[in-house]
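Hi,

Here is the structure I said I would pass on. Have a look at it first, and then read my notes underneath.

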Protein chains: 2
Amino acid sequence: VAQAGAERCFGDQLAARVAARESQLVLGLDPDPRRLWPDATSGADVPAGPPGLPAADAAAAAVHAHCEAVLEACAPACVAVKLQLACFERLGAPGRDVLGQVAGRARRAGLLVLADGKRGDIDVSAAAYADSLLGATPTPFGEVPGLGADALTVNPLLGRDSLEPFLQAARRTASGVFVLVRTSNPGAADVQDLLLQGGRPMWEHLAGIVADLGRVGSAGLSDVGAVVGATAPEHLARMRELMPTTPFLLPGVGAQGGQVEDLAPAFLPGSAGGLITASRSLVDAGRGEPRADLARAARREAERLRESAWRLSQSL
Amino acid sequence: VAQAGAERCFGDQLAARVAARESQLVLGLDPDPRRLWPDATSGADVPAGPPGLPAADAAAAAVHAHCEAVLEACAPACVAVKLQLACFERLGAPGRDVLGQVAGRARRAGLLVLADGKRGDIDVSAAAYADSLLGATPTPFGEVPGLGADALTVNPLLGRDSLEPFLQAARRTASGVFVLVRTSNPGAADVQDLLLQGGRPMWEHLAGIVADLGRVGSAGLSDVGAVVGATAPEHLARMRELMPTTPFLLPGVGAQGGQVEDLAPAFLPGSAGGLITASRSLVDAGRGEPRADLARAARREAERLRESAWRLSQSL
């Protein structure tokens, strides 16, 4: 693990933001057009009744209104937003526009923006994804700006040389890269838990790559993070041992069954050592109630998660 | 391996298309706005000089013109086009529009459309990617059509349950899913070649998952394919043994050093058992020459590759 210089680095940015907001909570936005908050589909920004706009434009406008409302409710309790790229991509070009607008709204609310696309590809293609999400694309017509995310998720199956272009782009912009190490779904066991010769599971090997690639800033946190499902807390102490300075992105709390109380090892390198994502458990906290109550229930649940994670991190 | 019923299936579609076109060649389109064919940036469809359009619109128009010209030159020798999604995504919403237009143009030229995004995510997110690329997204405002690809590439790191939504969507539309098994980059060795307990490499385990998930059509080909880099031909016979009915997508011929002559095991289940992708080696075949010669050189190289692969497949 190399030591970063005086330049800005993602680990320092993350530590500062977590401290300022006293929050490790990441709002996951994965909008399904059929399950938006009611005002989003019937509100002022979207034509009611038989749509005057093509379906993609109308659905994108509704998704936009929904994300704004959820952000308004939950942002005060959060340090970052995690945008599930698939949910915006399926709305075509209007979905890409809304993705950029939602990212901008989150930034104005003081949140870091995490692009959750789990990308992974070889050299020039990985660089193109990095330009798209973190940097900009040089063209003969001028630079095309990317999403401007503060961090993204990547898939390490293609090996170190497929991660390098993401790291290079991230370091140019003091952004972070979160590498999948052990995901929160049951099928993670099929590949990530395979035992290697010598007896270590596959995810330990991935953890070693992550630890090796990261550069540690002055706050003691690396600029390469790991996605570690909160649904397998039994692995967390070992993860921390293998990746002592790595920020963990911890999906799976709430709807998928993970508990904040089990996540203590994440916070050993400091309060920003663990980021806890929640999406459906916030958006659906008041499911079935009118809009005002949906927002209130989401905010209450976000504040409850924020408080329990923050208290845990301060108690270590 | 289950047997598919009388319904249309991707393996049969692929076999029929390869036979009709006498080609296993896949044109890879991964346009870089700084390396387009000259007419694309100076042609009639793009404003010359100081751009009147924002950079993204102008670059997307140039990429569109380039892809049309390359398709016009190479399509007659090809059976499919492989669209590198990263290269379109980095141009934002205009890039997404052009992606759809290029896919439509390829279809009209008689080509199958392969969306190369190497996606992989958990349940609902994988389903969203599948809707985006193969199917459609139901919304209260009507259905939002996806890209309408005939096949896509996926990353299996998250396990079987992360592949299921892609398979389900693919089977609804008689499309195919190509799973990464052993990629063509040097770093593939870091993870895919890891030896498991018992001594098998990781890629053999992935090959087993692929063989297991596929359903074989009447042409003897499965609807789940494998991405197998042509840069490691020493593994190809073993791959074929483990995946006897699986169509192989073989990147790495040409610019990355792979040779058509080494790919015989791919064609053992039939002429459509191997698809050979080429991108830079076609587009750059006449690099430095004027447009007419670039097109002529690309077409000549495409025809050379088509002929050598077809001849090899017929000799077995």
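**Where the chains meet**

B:Asp121 makes a salt bridge with A:Lys118, and their closest N and O atoms are 3.1 Å apart. Before you zoom in on that pair, keep in mind that this is a predicted model.

How many salt bridges are there between chain B and chain A? The count is 4. Polar contacts between chain B and chain A come to 28 residue pairs, counting those with both residues at pLDDT 80 or more.

Which parts of chain B do the touching? Quite a list: α3 (55-74), α4 (85-89), α5 (92-108), β4 (112-119), α6 (123-133), α7 (160-172), α8 (188-191) and α9 (202-213) of chain B each bring at least two residues to the side that touches chain A. The most comes from α6(B), with 6 residues. If you sort the residues on that side of chain B by type, you get 34 nonpolar, 22 polar and 14 charged.

As for the extent of the contact, 70 residues from chain B and 70 residues from chain A take part. The size of an interface is often given as the accessible area lost when the parts come together. Here the area buried between chain B and chain A is about 5700 Å², and carbon and sulfur atoms give 63% of it. Three residues to click on are B:Arg90, B:Phe141 and B:Leu157: they supply 14% of the area that chain B buries against chain A, more than any other three residues.

**Inside chain A**

Now for the fold. Chain A has a closed barrel of 8 strands with parallel pairing, in the order β2-β3-β4-β7-β8-β10-β11-β12. From one strand to the next, the twist averages 30°.

To see a piece of this barrel, look at β2 (residues 25-29) and β12 (residues 274-278) of chain A, which pair in the parallel sense over 3 bridges. A:Val26 has A:Thr277 in β12(A) as its bridge partner. Helix α5 (residues 92-108) of chain A packs on the sheet, where it touches β2, β3 (80-84) and β4 (112-119) of chain A. The direction of this helix makes about 170° with that of β3(A).

**Inside chain B**

In chain B, a closed barrel of 8 strands runs β2-β3-β4-β7-β8-β10-β11-β12, with parallel pairing. Its neighbouring strands are turned by 30° against each other on average, direction ignored.

A good place to start here is β8 (residues 176-182) with β10 (residues 224-228) of chain B, a parallel pair held over 5 bridges. B:Arg182 stands opposite B:Val228 in β10(B). Then there is α3(B), which lies across β2 (25-29) and β3 (80-84) of chain B and runs at about 165° to β2(B).

Cheers

Methods
Residues are numbered from 1 along each chain as its sequence is written. Chains are lettered from A and ligands numbered from 1 in the order in which they are written. This is a predicted model: local features need pLDDT of at least 70, side-chain atom pairs count only at pLDDT 80 or more; totals for chains, interfaces and linings use all residues. Side-chain values use heavy atoms; hydrogens and water are left out. Two strands pair if DSSP finds at least two bridges between them. Helices (H or I, at least four residues) and strands (E, at least two) are DSSP runs, numbered from the N terminus. Axes are lines fitted to C-alpha atoms, for helices over the stretch in contact, and angles run from 0 to 180 degrees between N-to-C directions. Contact means heavy atoms within 4.5 Å. Buried area is the accessible area (1.4 Å probe) that two parts lose on being put together, summed over both. A salt bridge is a side-chain nitrogen of Lys or Arg within 4 Å of a carboxyl oxygen of Asp or Glu. A polar contact is a pair of N or O atoms within 3.5 Å; within protein, one must be able to donate a hydrogen and the other to accept it, and residues adjacent in sequence count only if both atoms are side-chain atoms. Ala, Val, Leu, Ile, Met, Phe, Trp, Tyr, Cys and Pro count as nonpolar, Asp, Glu, Lys and Arg as charged, and the others, Gly among them, as polar.
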